[in-house]
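Here are my notes on this one, written as numbered points. Have the structure open beside you while you read.

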Amino acid sequence: MDAVPGIGLLGNVGIPARELVELGREIEDAGYSGVWIIEYEYDSIALAQAVAQATRRVMTGTCITRAFTRHPVSLATTAAVVDRLAPGRFTIGLGSGALESADPRLSMQRWDVPWDRSAARMKEYVEVLRRAMDGETLGYDGEFYDLNHVALELLPEERVPIFVAGGGKRMMDIAGALCDGVFMHMVDAAGTKATAERVAAAAQQHGRHPGALEVSQLIMTCVDEDRETAVGAMKHWLVEYYLSMKVYQDILAHNGWADEAKAILDAYMADDKEAAKAAVPDGLVERFTITGTPAECREKLSEMVSWGTTLPILYAFPSRGDWRDGYRRSIAAFAPGAAA
């Protein structure tokens, strides 16, 4: 198959930082063009910098980093350093994160940083970040950020792209108006088309060429020679990471799985992960993820690209519990030249 734009790395599960760097080299050697880092309870930018310095060609970046825990000027100074170390190979991906969990026991890790009115806050954040990295001396009088005569002493060598997670319509509008791309997660063909159209419309309204923006999708992926093993593993990871969160409960309900969403949450709250896994609809796995044999997964990726995804990022999960093995299965399945 043709060159694969990127692969997402879940760096905090089974992959220490040193192994992540080694994995980044393997991804580059396999012909991929991107290594992306997801942020949980660690610094995604520090990991992206390590990957950037250890590789020669691939793009790296955050998909995503929590925007509001870092001041935009502070992030601009960090981006300038990373770009100087690997010119033209670093992308900033920003998100506000899920605002609430369906599970009251789960902390959303806000660290006492304000997260209200996230779209309005993100708009100002991106404006300050972009202008700082472009070398402006900032006089910015916003609702959330107030800067007077602030300028970076060290600028990026190349223009650093900014993406935002387009989880809502206002975030999509910000992507189209101000950014270089939008990230999607857990969307089907209709959702991809709607996002691409809204981002393009926002770009045109602001005098920008919509074709210049990337429409990127972070795609949960699980590859195994045995399809049922892959499907079972994907259901496990969906429960483990996502389906207790309100936004993903809403996705289930919106797609006609309201009863299943309740069954999953009830079992999850009772600490019965197996029952929660059993309640995950097969249709959810089929519609929103890349799961199955290598050949099936390659076909699904091609389908998702046909929806309008210009930058698919594979979010590789293990089928048999070993994260290193899971990454390697995904790398092998989608690498340029992999069997059709």
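1. Start with a bit of vocabulary: Ala, Val, Leu, Ile, Met, Phe, Trp, Tyr, Cys and Pro count as nonpolar, Asp, Glu, Lys and Arg as charged, and the others, Gly among them, as polar. With that sorting, the lining of the largest cavity has 1 nonpolar, 1 polar and 4 charged residues.

2. Before going on, note that this is a predicted model, where local features need pLDDT of at least 70, side-chain atom pairs count only at pLDDT 80 or more, and totals for chains, interfaces and linings use all residues. Residues are numbered from 1 along each chain as its sequence is written, and side-chain values use heavy atoms, with hydrogens and water left out.

3. How confident is the predictor? pLDDT is its confidence in each residue, from 0 to 100. The protein chain averages 91, and 92% of the residues score at least 70. Among the elements, strand S1 (residues 6-9) has the lowest mean pLDDT, 79, and strand S11 (residues 290-292) the highest, 98. Helices (H or I, at least four residues) and strands (E, at least two) are DSSP runs, numbered from the N terminus.

4. Back to that cavity. On a 1 Å grid over the protein atoms alone, a cavity is a set of points where a 1.4 Å probe fits but cannot get out, and lining residues have an atom within 4 Å of a point. Grid points are joined across faces, edges and corners, and a volume is the space filled by probe spheres set on the points. The count is 1 cavity of 30 Å³ or more, and the largest has a volume of about 40 Å³. Its lining is His236, Val239, Glu240, Lys273, Glu274 and Lys277. Helix H7 (227-241) and helix H10 (273-279) are the elements that give two or more residues to this lining.

5. Now the aromatic rings. Rings of Phe, Tyr and Trp (its six-membered ring) pair if their centres lie within 6.5 Å; planes under 30 degrees apart count as stacked, over 60 as edge-to-face and the rest as tilted. There are 15 aromatic pairs. Take Tyr125 and Tyr145: their ring centres are 5.9 Å apart and their planes at 75 degrees, so this pair is edge-to-face. Tyr125 sits in helix H4 (residues 118-133) and Tyr145 in the loop between strand S6 (138-141) and strand S7 (146-150), 20 residues apart. Is Tyr125 buried or exposed? Buried means under 20% relative accessible area, exposed over 50%, partly exposed in between (1.4 Å probe, protein chains only). At 0%, Tyr125 is buried, and Tyr145 also counts as buried, at 10%.

6. Trp237 and Phe317 make a tilted pair, because their ring centres are 5.8 Å apart and their planes at 35 degrees. Trp237 is in helix H7 and Phe317 in the loop between strand S12 (311-316) and helix H13 (323-334), so the pair ties together parts that are 80 residues apart in sequence. Both Trp237 and Phe317 are buried. They belong to one aromatic cluster, whose members include Tyr241, Tyr315 and Trp323.

7. Have a look at the backbone too. A cis peptide bond joins Cys63 and Ile64, with omega about 10 degrees. His149, though not a glycine, has a positive phi of about 60 degrees; this residue lies in strand S7 and is exposed, at 66%. Met186 is another non-glycine with a positive phi, about 55 degrees, but Met186 counts as buried at 5%.

Terms used. On a 1 Å grid over the protein atoms alone, a cavity is a set of points where a 1.4 Å probe fits but cannot get out, and a pocket is an open set with protein on both sides within 12 Å along at least five of seven lines; lining residues have an atom within 4 Å of a point. pLDDT is the predictor's confidence in each residue, from 0 to 100.
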